[in-house]
Amino acid sequence: MLAGGQSLLPMLNMRLARPQLLIDIMRLPGLGEIRREDGSLVVGAVVRQAALETWAELPGTLPLLARLFPHIAHWQIRCRGTVCGSIAHADPAAELPLALLALGGTVRLASRRGRREIPAEQFFLGPMLTARRDDEMIEAVLFPVHRPGFGYAFREVARRDGDFALVALAVVAGPDCVRLAVGGVEDRPLLLTLPPATARAHPEALAAALAGLAPRGDPHAPASYREAVLRALAPRIIAEAHACRD
Ligand SMILES: Cc1cc2nc3c(=O)[nH]c(=O)nc-3n(C[C@H](O)[C@H](O)[C@H](O)COP(=O)(O)OP(=O)(O)OC[C@H]3O[C@@H](n4cnc5c(N)ncnc54)[C@H](O)[C@@H]3O)c2cc1C
């Protein structure tokens, strides 16, 4: 399936993917919606990242996404790439899978057999590996919308502006818990669920949760660097998310 082509075309260029048949889904009808449904924002398969980023209601509806979009690649790439394409591609350092995980969102899949929904926590299985079956397409992703009492923060460290993150952190701080999604560190985005006010009141809970991660090293950064960034940034952005709870 070809959506915005911003990940698939490079993979075709490098011969990492060699499909026998390529189906361009961008002109299929009925997949371009951005609409509310039962406390979530439904984003259809062909909605480009820039379309959601510039949607006037985004800052009030999904403050986390409003903060995170400028970190995805460059404007020109976001004008082509789709939201669902990024979720389907499941790069371990991509920002949109992190947001879906931190917010507790859902992936809606469709095939000839029907539809099913998978929570983000069960969707990302490994590097560019998801629970989507070969004959399924992502019809839409559902992001739970902002509710009073919640605060959000996002931060990433990358080698250059627009690069994939070496470490990315997305936080949703609510009255009952803190959801910290970590990207770029292991082979898939990870979710840590922590007690509220973790950074200040329970620093040991945060330290224990971070100690359970196994950061990877690669030619861009050794594991020790990722670990140091995590330990330095996590308490700060959890505090930032708490500070903006309304
Ligand atoms: C230079 C550059 C820098 C980038 N930097 C970043 C970055 O910093 N952060 C980031 O997150 N991304 C980055 N990207 C990737 C970009 O966000 C892509 O747009 C996105 O990952 C894929 O979306 P797409 O619509 O282009 O998908 P495509 O490239 O068309 O498809 C990607 C994969 O998903 C599958 N797919 C697409 N849509 C569906 C669907 N609805 N159902 C099932 N399968 C589907 C395709 O079959 C393919 O396997 C970068 C890209 C480039 C070229």
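Which loop does D38 lie in? D38 belongs to the loop between β1 (34–37) and β2 (40–44). We'll come back to that loop below, after a look at the whole chain. Keep in mind throughout that this is a predicted model.

**The chain as a whole**

The protein chain holds eleven helices and eleven strands. Its radius of gyration comes to 18 Å, close to the 18 Å that the globule rule gives for 246 residues, so the chain is as compact as a globular protein of that length. Along the principal axes, the C-alpha atoms fill a box of roughly 55 × 45 × 35 Å. Buried residues account for 50% of the 246 residues. As for contacts with a separation of 6 or more, 58% of them join residues 24 or more positions apart.

The chain is divided into domain 1 (8–20 + 33–144) and domain 2 (151–243). Between the C-alpha centres of domain 1 and domain 2 there are 21 Å. Their contact takes 23 residues from domain 1 and 25 residues from domain 2.

**Two pockets**

Here is how the two pockets line up.

| Pocket | Volume | Residues nearest the centre |
|---|---|---|
| Largest | about 1,300 Å³ | M1, L8, G85, A88 and H89 |
| Second largest | about 300 Å³ | F164, A165, L166, D218 and H220 |

Start with the largest pocket, which has 45 lining residues. By class, that lining has 24 nonpolar, 14 polar and seven charged residues. Which elements each supply at least two residues of this lining? They are α1 (8–13), α6 (83–89), β6 (129–130) and β7 (137–144). Helix α6 gives the most, with five residues. Domain 1 and domain 2 each contribute at least three residues to the lining of the largest pocket.

Now the second largest pocket, with a volume of about 300 Å³. There are 13 residues lining this one. Its lining divides into five nonpolar, one polar and seven charged residues. Where does the second largest pocket lie relative to domain 1 and domain 2? Both domains give residues to the lining, so the second largest pocket lies between them.

**Helix α7 and what flanks it**

Helix α7 (residues 95–103) is mostly covered, with nine of its nine residues buried. Those buried residues are E95, L96, P97, L98, A99, L100, L101, A102 and L103, so the list has a charged residue, E95, in it. Just after α7, G104 takes a positive phi of about 75°.

On the other side of the helix, the loop between α6 and α7 holds A90. A90 has a positive phi of about 55° although it is not a glycine. That's worth a glance, because most residues other than glycine have a negative phi. Is A90 buried or exposed? With a relative accessible area of 1%, A90 is buried.

**Back to D38**

D38 also has a positive phi, of about 45°, although it is not a glycine. In terms of accessibility, D38 is exposed, with a relative accessible area of 79%. So we have A90 buried at 1%, whereas D38 is exposed at 79%.

**Two spots where the chain meets itself**

Take A3, which lies in the segment before α1. A3 and D24 are 21 residues apart in sequence, yet their C-alpha atoms are 6.2 Å apart in space. Which residues does A3 touch, not counting those up to four places away in sequence? They are I25, M26 and T82.

C177 gives another example. Its place is in the loop between β9 (167–173) and β10 (178–183), and at 24% relative accessibility C177 counts as partly exposed. C177 and P195 are 18 residues apart along the chain, with 4.8 Å separating their C-alpha atoms. Leaving aside neighbours within four places in sequence, C177 is in contact with V172, T193, L194, P195 and P196. P195 thus turns up both in the C-alpha pair and in the contact list of C177.

Notes:
Residues are numbered from 1 along each chain as its sequence is written. This is a predicted model: local features need pLDDT of at least 70, side-chain atom pairs count only at pLDDT 80 or more; totals for chains, interfaces and linings use all residues. Side-chain values use heavy atoms; hydrogens and water are left out. On a 1 Å grid over the protein atoms alone, a cavity is a set of points where a 1.4 Å probe fits but cannot get out, and a pocket is an open set with protein on both sides within 12 Å along at least five of seven lines; lining residues have an atom within 4 Å of a point. Grid points are joined across faces, edges and corners, and a volume is the space filled by probe spheres set on the points. Helices (H or I, at least four residues) and strands (E, at least two) are DSSP runs, numbered from the N terminus. Domain bounds come from an automatic or database domain assignment. The radius of gyration is taken over C-alpha atoms; the globule rule is 2.2 Å times the number of residues to the power 0.38. Buried means under 20% relative accessible area, exposed over 50%, partly exposed in between (1.4 Å probe, protein chains only). Contact means heavy atoms within 4.5 Å.
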